[in-house]
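Reader: I would like a close look at a single part of this model, taken slowly and with its surroundings described as carefully as the part itself. Please keep to what can be read from the coordinates.

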Amino acid sequence: MTSVRIARMSSDPLNLDEHLLAVDDDAAGAVTTFVGRVRDHDPDATTAVVALDYSAHPDAEAALYRIAEDAAGDTGAIVAVSHRIGRLEVGDAAVVIAVASAHRGVAFEVCRAVIESIKTGLPVWKRQVEADGTTAWKGLGG
């Protein structure tokens, strides 16, 4: 079975439990998770952030799979990762990652590698919407 159980771009709300179930394995002594949520502030914003509008390149899902596969490498880790697209309100999950492995160090390392690679290499863009109606496009990555 592949080390990547889920690698999905979705306009539907993300479900952490689905990702945990996907990486469930009796050989895994550690499971780490990361949930990236829309927050109500940004250092560059002049007023409160009220939403993020995510858009993605058509190849984003394949890129997400490669990111997860590269992060897992030959560690034996199992990865489930999803990134949301569309309009997200404050508090909504934009990214969900679950990683299972035999030992905690690997689980943490792979989980961190996935999110860091998403931030720098996933062809996803976000338009930040502020309370006063101001919008700003944020660059490549989540």
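What do the buried residues of α2 pack against?

Author: This is a predicted model, and the description that follows should be read with that in mind. The buried residues of α2 pack against β1 (4–10), β3, β4 (78–84) and α3 (104–121), and it helps to take the helix itself before turning to each of these neighbours.

Helix α2 covers residues 60–72, which makes 13 residues, and the distance from its first C-alpha to its last is 18 Å, close to the 18 Å expected at 1.5 Å a residue. Its buried residues are A60, A63, L64, I67, A68, A71 and A72. Just after the helix comes G73, which takes a positive phi of about 50°.

Among the neighbours, α3 is the other helix, and its 18 residues should span 26 Å at 1.5 Å a residue, which agrees with the 25 Å between its end C-alpha atoms. In α3 the buried residues are A107, V110, C111, V114, I115 and I118. Because these cover an arc of only 125° around the axis, they lie on the same side of α3, whereas F108, E109, R112 and T120 are exposed on the other side. The buried residues of α3 are covered by elements that include β2 (30–37), α2, β4 and β6, and α2 therefore appears in this list just as α3 appears among the elements that the buried residues of α2 pack against.

The two helices pack at an angle of about 145°, with their axes 9 Å apart, and α2 passes α3 in a right-handed crossing. On the α2 side the contact is made by L64, I67, A68, A71 and A72, and on the α3 side by V110, A113, V114, S117, I118 and G121. The five residues named for α2 also belong to its buried set.Two further neighbours of α2, β1 and β4, belong to an open sheet of 4 strands in the order β1-β4-β6-β2, in which the pairing is mixed. The edges of this sheet are taken by β1 and β2, each with a single partner strand, so one side of each is left without a neighbour in the sheet. From one strand to the next the twist averages 5°. Helix α2 packs on the sheet by touching β1 and β4, and its direction makes about 150° with that of β1. Helix α3 packs on the sheet as well, touching β2, β4 and β6, with its direction at about 150° to that of β6.

Strand β4 deserves a closer reading, since 7 of its 7 residues are buried, so it is largely enclosed by the rest of the structure. From this strand I78, A80, S82 and R84 point one way, while V79, V81 and H83 point the other way, and all are buried. With β1 the strand β4 pairs in the parallel sense over 6 bridges; here V4 stands opposite V79, and R8 has S82 as its bridge partner. With β6 (residues 93–101) the pairing of β4 is antiparallel, again over 6 bridges, and A80 has A98 as its bridge partner there.

The remaining neighbour named for α2 is β3, which belongs to another open sheet, with 4 strands in the order β5-β3-β7-β8 and antiparallel pairing. The edge strands of that sheet are β5 (86–89) and β8 (135–138), each of which pairs on one side only, and its neighbouring strands are turned by 25° against each other on average, direction ignored. Strand β3 (residues 49–56) is joined to β5 by 4 bridges, and the two run antiparallel.

Within that pairing L52 stands opposite L88 of β5. These two residues are 36 residues apart in sequence, yet their C-alpha atoms are 5.3 Å apart in space. L88 counts as buried because its relative accessibility is 0%. Leaving aside residues up to four places away in sequence, L88 touches V38, V50, A51, L52, Y54, A93 and A94.

How values were computed. Residues are numbered from 1 along each chain as its sequence is written. This is a predicted model: local features need pLDDT of at least 70, side-chain atom pairs count only at pLDDT 80 or more; totals for chains, interfaces and linings use all residues. Side-chain values use heavy atoms; hydrogens and water are left out. Two strands pair if DSSP finds at least two bridges between them. Axes are lines fitted to C-alpha atoms, for helices over the stretch in contact, and angles run from 0 to 180 degrees between N-to-C directions. The expected span of a helix is 1.5 Å times one less than its number of residues. Buried means under 20% relative accessible area, exposed over 50%, partly exposed in between (1.4 Å probe, protein chains only). Contact means heavy atoms within 4.5 Å. The arc is that of the directions from the helix axis to the C-beta atoms. A crossing is left-handed if the near helix is turned anticlockwise from the far one by less than a right angle, and right-handed if clockwise.
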